[in-house]
Amino acid sequence: ITLVPDEIIEQYNSSTSQMFSSQPTAEVRGIYNHIAKISHDNLQRAQSLLRHISSDRRPLLLCSASVSTFLPRLRRAEYDPFSVRVRFASPLGFQCRLLLMRILNRF
């Protein structure tokens, strides 16, 4: 089962099986690029709301920290979801990013 809408998969002339084949085809990269653009727009929208949210409710948006870490990593891997850079990222780096965001009062 994939959570990618069929319309997007069809738009890039791909298939669900191709998405799980561990082969970074141009079609699969196109799908991930498409999804990353939508995710980036949603992330920017969520971050713009931060200044309007009281600090005691900011932890509700903590999941956006993982997205803000993942999207640049995916972009650097040229939207290859099977890249080692994407799949085996250091959890320590993510924890440091969370700590920094907390110190800067972003969450």
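## Close-up views of a six-helix chain

**View 1. Leu-104 and its nonpolar surroundings.** At 54% relative accessibility, Leu-104 counts as exposed, because the cut-off for that word is over 50%. Keep in mind as you look that this is a predicted model. Where along the chain is Leu-104? Its place is in the segment after helix H6, which covers residues 91-103. Leu-104 joins Leu-99, Leu-100 and Ile-103 in a nonpolar patch on the surface. Together, these four residues have about 430 Å² of accessible area.

**View 2. The whole chain, for orientation.** How many helices and strands does the protein chain have? There are six helices and zero strands, so reading from the N terminus gives the order α-α-α-α-α-α. Along the principal axes, the C-alpha atoms fill a box of roughly 45 × 30 × 20 Å. Of the 107 residues, 27% are buried. Among contacts with a separation of 6 or more, 49% link residues 24 or more positions apart.

**View 3. The surface and charges of the chain.** The protein chain exposes about 7,300 Å², and carbon and sulfur atoms supply 56% of that area. Look also for the charged side chains: 14 are positive and 8 are negative. The centres of these two sets lie 15 Å apart.

**View 4. Pro-81 and its contacts.** Pro-81 is found in the loop between helix H4 (63-76) and helix H5 (84-87). Is Pro-81 buried or exposed? With a relative accessible area of 11%, Pro-81 is buried, because that value falls under 20%. Which residues does Pro-81 touch, leaving aside neighbours within four places in sequence? Its contacts are Val-28, Tyr-32, Leu-74, Val-86 and Arg-87. Arg-29 is 52 residues away from Pro-81 along the chain, yet their C-alpha atoms are separated by 7.6 Å.

**View 5. Tyr-79, a residue with positive phi.** Stay in the loop between H4 and H5 to find Tyr-79. Its phi is near 60°, a positive value in a residue other than glycine. Tyr-79 has a relative accessible area of 19% and is therefore buried, since the limit is under 20%.

**View 6. Ser-22, in another loop.** The place of Ser-22 is in the loop between helix H2 (16-19) and helix H3 (26-49). Ser-22 is not a glycine, but it has a positive phi of about 65°. How accessible is Ser-22? Its relative accessible area is 44%, so Ser-22 counts as partly exposed.

Definitions and conventions. Residues numbered from 1 in each chain as written. Predicted model: local features only at pLDDT ≥ 70, side-chain atom pairs only at ≥ 80, totals over all residues. Heavy atoms only, no water. Patch = residues over 30% accessible without salt bridge, like charges linked within 9 Å, V, L, I, M, F, W, Y side chains within 5 Å. Areas by Shrake-Rupley, 256 points an atom, 1.4 Å probe, with all protein chains shown as cover. Salt bridge = Lys/Arg side-chain N within 4 Å of Asp/Glu carboxyl O. Helix = DSSP H or I, 4+ residues; strand = E, 2+ residues; numbered from the N terminus. Buried < 20%, exposed > 50% of the residue type's maximum accessible area, 1.4 Å probe, protein only. Contact = heavy atoms within 4.5 Å. Lys, Arg positive; Asp, Glu negative; His and termini not counted. Charge placed at Lys NZ, Arg CZ, Asp CG, Glu CD.
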